[in-house]
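Let's take a stroll through a protein fold together, one piece at a time. Have the structure open and turn it around as you read.

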Amino acid sequence: MTADSDHENGLPIRLLHDRVLVKLEGSEGERRSSAGIVIPATASVGRRLSWATAVGVGPNVRSIVTGDRVLFDPEDRSEVELHGRGYVLLRERDVHAVAAQRVEPDSTGLYL
């Protein structure tokens, strides 16, 4: 990612090395089941991964591009605020999967 593309995305920073800047999908509190039932944030569940959208990637990131939906562990994250919006900063190795509509024959990915 070049400095020019950072400004096009509205990011006031340039990501380094293998860093990925993501925006969380939905709120971190309540969530809904596939049947539409609201599950409160206080409900006890096992270790649950979260989905987010990549809004910026560093120059050494190989498998993620801006706009990808990524799956990561919300307990292993660093939060940052830019222009009043909250983001999560991850290393590429902390991303468990990248959602893909179509996966190339020699690639791996998660079908949605």
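Start with Val22, whose bridge partner in S7 is Val88. A quick caution before we go on: this is a predicted model. The Val22 pairing belongs to a bigger arrangement, in which strand S1 (residues 19-24) and strand S7 (residues 85-91) run antiparallel and are joined by four bridges.

S7 has another partner too. S6 and S7 pair in the antiparallel sense, this time over five bridges. You can follow some of those pairings yourself: Ser78 has Leu89 as its bridge partner in S7, while Leu82 is matched with Arg85.

How many residues sit between S6 and S7 in their hairpin? There are two, and His83 is in that turn. Take a closer look at His83, because at 65% relative accessibility it passes the 50% mark and counts as exposed. Its phi is positive, about 50°, although His83 is not a glycine.

His83 has company in this. His17, found in the loop between H1 and S1, has a phi near 50°, again a positive value in a residue other than glycine.

Next door to His17 in the numbering, let's visit Asp18. Asp18 is found in the loop between helix H1 (3-8) and S1. Is Asp18 buried or exposed? Its relative accessibility is 17%, and the cut-off for buried is under 20%, so Asp18 counts as buried. The side chain of Asp18 makes a polar contact of 2.9 Å with the side chain of Arg19. Which residues does Asp18 touch once its neighbours within four places in sequence are left aside? The answer is Asn60, Val61, Leu90, Arg91 and Glu92.

Now hop over to Asp73, in the loop between strand S5 (69-72) and strand S6 (78-82). With a relative accessibility of 3%, Asp73 counts as buried. A polar atom of the Asp73 side chain lies 3.0 Å from the backbone nitrogen of Glu75.

Asp73 also turns up in the contacts of Asp94. Leaving aside its neighbours within four places in sequence, Asp94 is in contact with Phe72 and Asp73. Asp94 itself is found in the loop between S7 and strand S8 (95-100). Why does Asp94 count as partly exposed? Its relative accessible area is 28%, and partly exposed covers the range between 20% and 50%, so that is where Asp94 falls. If you check the C-alpha atoms of Asp94 and Pro74, you'll find 9.9 Å between them, with the two residues 20 apart along the chain.

Glu75, which we met beside Asp73, can be paired up with Arg48 in a similar check. Their C-alpha atoms are separated by 9.2 Å, and the residues are 27 apart along the chain. Arg48 is found in the loop between strand S3 (38-39) and strand S4 (50-57). At 47% relative accessibility, Arg48 counts as partly exposed.

Here are the accessibility values from our tour, side by side:

| Residue | Relative accessibility | Class |
|---|---|---|
| Asp73 | 3% | buried |
| Asp18 | 17% | buried |
| Asp94 | 28% | partly exposed |
| Arg48 | 47% | partly exposed |
| His83 | 65% | exposed |

What about the rings? The charged end of Arg69 sits over the ring of Trp51, 4.5 Å from the centre of that ring. As for rings pairing with each other, the count of aromatic pairs comes to zero.

Time to zoom out. The protein has one helix and nine strands. What order do they come in along the sequence? The pattern reads α-β-β-β-β-β-β-β-β-β.

How much of the protein is buried? Of its 112 residues, 27% are buried. The accessible surface comes to about 7,700 Å², and carbon and sulfur atoms account for 47% of that.

One last number concerns contacts. Take the contacts in the protein with a separation of 6 or more: 60% of them are between residues 24 or more positions apart.

Definitions and conventions. Residues are numbered from 1 along each chain as its sequence is written. This is a predicted model: local features need pLDDT of at least 70, side-chain atom pairs count only at pLDDT 80 or more; totals for chains, interfaces and linings use all residues. Side-chain values use heavy atoms; hydrogens and water are left out. Buried means under 20% relative accessible area, exposed over 50%, partly exposed in between (1.4 Å probe, protein chains only). A polar contact is a pair of N or O atoms within 3.5 Å; within protein, one must be able to donate a hydrogen and the other to accept it, and residues adjacent in sequence count only if both atoms are side-chain atoms. Rings of Phe, Tyr and Trp (its six-membered ring) pair if their centres lie within 6.5 Å; planes under 30 degrees apart count as stacked, over 60 as edge-to-face and the rest as tilted. A charge sits over a ring if NZ of Lys or CZ of Arg is within 6 Å of the ring centre and within 35 degrees of the ring normal. Two strands pair if DSSP finds at least two bridges between them. Contact means heavy atoms within 4.5 Å. Accessible areas come from the Shrake-Rupley method with a 1.4 Å probe; for residues, only the protein chains shown count as cover.
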